[in-house]
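Biologist: I'd like a close look at one spot in this chain, and then a walk outwards from there to the rest of the fold. Here is the model.

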Amino acid sequence: MLKLKKPAAAVLAAALMLSFCSCSEEQGKEQQQSGDTYHFHWKDYTLFETLGDSAKVELKDDFAAAVNYEWASKQKEDFTYSISSFGEANKTVVHNKRAMLEDKSFQNKNIELVRAMDGLYNDTKYKDSLGVEPLKTYLGYIDGIKTLDDVTAYMTDNSKNPFAVALVNIGYFENEALDCEVALDIKLPYLTLENKEYYISISNEGLKKKDTREKQIRYLLERCGYSEKEIEKVISGSFRFESKLASLDYSYISDLKTVKTRAEVLEMAGKYPFKEMLDHYKITTCDNFMGEFAFLDKLENIYKQNNVEDMKAYFKSALALKSILILDTDAFNFYQDSNLDRTNKFAQRIDREQDFYFFYLLGQTSLTAAVDQAYIDYYYDEATHKEIKDFIRQIKEKYLILIDSNKHLSDASKKAVREKLNKLGENVMLPSNKADFTDVKLKTKEEGGSFLDAMGEIKRKEYEHVGEMVQTHLGRSFWDIYNPDLSTTTVGASYFRMQNTIYIKMGILVDPMYNNSAPIEKKLGSFVAVLGHEISHAFDVNNISMDADGKKTDIVTKEEMSFVQDMKERIQSQFAGYEPFEGCGGYSSACDVAGEVIADAEGVKAALMIGKDIEGFDYDLFFRSYAAFWRTIETKARQKDDVANDEHPLDYLRINYTMLQFDEFIETYGIKPGDGMYMDPSQRILIW
Ligand SMILES: [Zn+2]
């Protein structure tokens with residue numbers, strides 16, 4: 001899936017586990033132009049560390065900085081939400097969720113469950129009065145385990161194992177062998193250090209993580225009354241057992257083409273109680289399994305009585321780490337402080353709004369469906385839905401024109417690409433199914449419940465839902481409301497290649513990203529350009545070989561696609577060596593941003609084509625809206641990470657580099673050779 005922006009999980013991880021790089025305070029290094037290759041040389045105005053330092057620049061030299069200068073100079077040190085349009089929209093969504101919770105005239109099963117969780121999480125006094133008692137109760141269940149049969153019983157008892165920790169996990173995923181319908185996905189178990197490599201040969205980063213996690217486990221177990229000796233036993237036993245798990249066959253790379261039957265999978269599992277897990281979650285008729293077969297096959301080798309004590313240690317560690325954010329204030333503070341990297345002098349603790357954490361935590365569970373269903377019932381607006389659908393229709397029309405006029409493709413290839421566009425699935429705002437929690441009962445704070453108690457019920461629901469998904473034929477573009485990755489209240493849009501479907505979430509349709517009553521130029525310059533970006537991913541360099549049904553069939557020949565490859569290389573050479581600020585590290589010549597760079601330009605191109613049909617179209621407003629949409633302030637640490645790992649260029653580069661591809665832009669601002677926003681037309685990178 002090609003995400004528009006990092007998901008909340010990454011944002012939260014960045015916020016909770018912040019580690020600043022030790023870059024100097026100096027700002028952007030100018031790059032010299034060399035030879036015939038175009039190189040850009042704008043200064044990075046988006047750095048948090050040097051906020052407000054940059055002087056005002058001219059539109060014709062640095063469009064992004066000029067348009068966003070005033071906004072940037074008003075920003076303060078406040079990371080409650082990310083400092084960007086995305087952050088502002090996210091804040092709007094979180095506040096919208098709070099408003100619907102508070103509106104007591106709004107009553108139904110979904111909102112009732114969310115309100116119960118609200119009482120358990122946001123009533124600090126109540127939470128603090130419970131302290132670590134809830135954790136103590138659940139640790140006690142693990143202490144009671146004696147035999148392998150007890151382990152099996154524990155793994156399949158949600159009232160004792162609230163996070164359903166087991167030695168293998170389950171989910172579902174599309175599989176090409178089933179025409180991209182879903183199969184039950186056998187997944188790897190939770191590892192306290194997350195990365196299996198850390199158990200084999202540990203790096204410095206791994207050692208830091210090990211140290212942090214052990215501190216957190218030790219802190220919680222101490223509070224629960226465990227002795228120093230018992231705690232050491234948990235920590236060493238857990239590491240020993242996880243090392244065994246990590247040494248089994250982990251493939252990590254999903255095989256999306258192979259499925260096996262229930263009988264085959266159960267035979268692989270052997271003495272490991274995988275059948276008990278499936279039966280427990282009522283997954284009895286599913287006959288399509290995919291995922292980590294080799295791992296499951298070997299699991300019985302370590303599922304032995306002589307490992308029971310170490311398994312218990314592993315369950316305790318997992319339980320402690322998964323609970324730390326949902327216990328009392330002291331535990332939360334310990335978590336935040338212990339995650340700070342003390343070896344880094346720039347490290348600082350960032351606390352977000354309490355509701356940000358609350359909805360983030362719910363968003364990691366099946367209750368994401370209850371929140372989203374309530375949000376839909378409360379905020380869904382037919383007129384917006386109609387308008388978005390109409391914009392999609394217009395964008396498709398323009399792409400059809402571009403495909404037809406392409407000089408590199410044969411008629412047969414054009415036909416295949418057109419068919420793919422015509423068959424594109426459109427998931428706009430509304431998931432395909434509705435949340436149904438009629439069988440879920442959560443103990444409220446009035447009834448003496450805890451967040452931890454509630455997790456057991458929520459986890460049960462999640463896995464039973466996996467069963468529903470894999471035992472029903474749902475069709476290719478099915479949008480599952482229970483899938484946290486597809487939550488309609490996240491601020492995002494995406495193209496899912498295996499489904500040939502775009503997802504436009506309700507979360508992105510709020511101010512400042514989208515406004516019903518905004519002028520058409522603003523809509524086209526911001527949201528619609530992004531819509532075009534997502535649709536263009538259907539025929540980008542990575543996805544064009546897949547046919548309309550999401551299968552790989554090379555609908556366009558390699559020879560025909562060589563012009564895209566040429567553009568990719570051109571982009572790489574133009575980005576290569578550019579370093580946003582000293583110490584950041586530059587884009588490498590093999591950088592992978594080309595796909596996203598092209599999608600940005602195609603999206604703007606399609607939106608401009610729609611604009612061209614409108615009399616008296618205000619191009620200035622269109623281009624400014626694009627720049628405002630991608631406004632951002634980020635820390636050096638985050639940018640350094642993005643330059644190294646993100647397939648999207650930094651936001652100010654997305655703005656500038658995209659804009660200067662267009663004659664309309666050059667003409668609107670009277671840009672001439674020598675200006676910072678000028679690129680010779682022969683160097684442009686549009687493929688359609
Ligand atoms: Zn993209």
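Biologist: Is Lys91 buried, partly exposed or exposed, and how many other C-beta atoms lie within 10 Å of its own?

Modeller: Lys91 is partly exposed, because 18 other C-beta atoms lie within 10 Å. The cut-offs are simple: 20 or more other C-beta atoms within 10 Å makes a residue buried, 12 or fewer makes it exposed, anything in between is partly exposed, and the C-beta atoms are placed from the backbone. Before we wander further: this is a predicted model, where local features need pLDDT of at least 70 and side-chain atom pairs count only at pLDDT 80 or more, while totals for chains, interfaces and linings use all residues. Residue numbers start from 1 along each chain, following the sequence as written.

Lys91 sits in helix α3, which spans residues 85-102. Helices here are DSSP runs of H or I with at least four residues, strands are runs of E with at least two, and both are numbered from the N terminus. Step back 11 residues in sequence from Lys91 and you reach Thr80, with 8.7 Å between the two C-alpha atoms.

Helix α3 also gives us a way into the middle of the chain. Helix α15 (residues 354-362) has Tyr357, Phe358, Phe359 and Leu362 as its buried residues, and these pack against α3, α4 (109-122) and α16 (368-379). A contact, by the way, means that two C-beta atoms, placed from the backbone, lie within 7 Å. Just ahead of α15, in the loop that follows α14 (329-338), you'll find Asp351. Asp351 is partly exposed, since 14 other C-beta atoms lie within 10 Å. Its C-alpha atom is 36 Å from that of Thr156, 195 residues away along the chain.

For a helix pair, try α2 (residues 63-74) and α25 (residues 651-659): their axes are 8 Å apart and the packing angle is about 125°. The axes are lines fitted to C-alpha atoms over the stretch in contact, and angles run from 0 to 180 degrees between N-to-C directions. That makes α2 and α25 oblique to each other, given that under 35 degrees is roughly parallel, over 145 roughly antiparallel, 65 to 115 roughly perpendicular and the rest oblique. On the α2 side the contact uses Phe63, Ala64 and Ala65, and on the α25 side Tyr652, Ile655, Asn656 and Met659. Sorted by class, that is 6 nonpolar residues, 1 polar and no charged ones. Nonpolar here covers Ala, Val, Leu, Ile, Met, Phe, Trp, Tyr, Cys and Pro, charged covers Asp, Glu, Lys and Arg, and the others, Gly among them, are polar.

Strand β8 (501-504) has a few things worth a look around it. Tyr503 is in that strand and counts as buried, because 27 C-beta neighbours fall inside 10 Å. Beyond neighbours within four places in sequence, Tyr503 touches Asn427, Trp479, Leu486, Ala493, Ser494 and Phe496. Glu426 is 77 residues away along the chain from Tyr503, yet their C-alpha atoms are separated by 6.6 Å.

Now for some backbone quirks. Most residues other than glycine have a negative phi, and most peptide bonds are trans. Asn500, in the loop between β7 (493-496) and β8, has a positive phi near 45°. Asn500 is buried, with 23 other C-beta atoms within 10 Å. On the other side of β8, in the loop leading to α20 (520-536), sits Pro512, joined to Asp511 by a cis peptide bond with omega of about 0°. Glu194 has a positive phi as well, near 65°; it lies in the loop between β4 (181-187) and α8 (204-223). Glu194 counts as exposed, because it has 11 C-beta neighbours inside 10 Å.

Zooming out, the protein has 26 helices and 9 strands. With a radius of gyration of 26 Å, close to the 26 Å from the globule rule for 688 residues, it is as compact as a globular protein of that length. The radius is taken over C-alpha atoms, and the rule is 2.2 Å times the number of residues to the power 0.38. Buried residues make up 43% of the 688.
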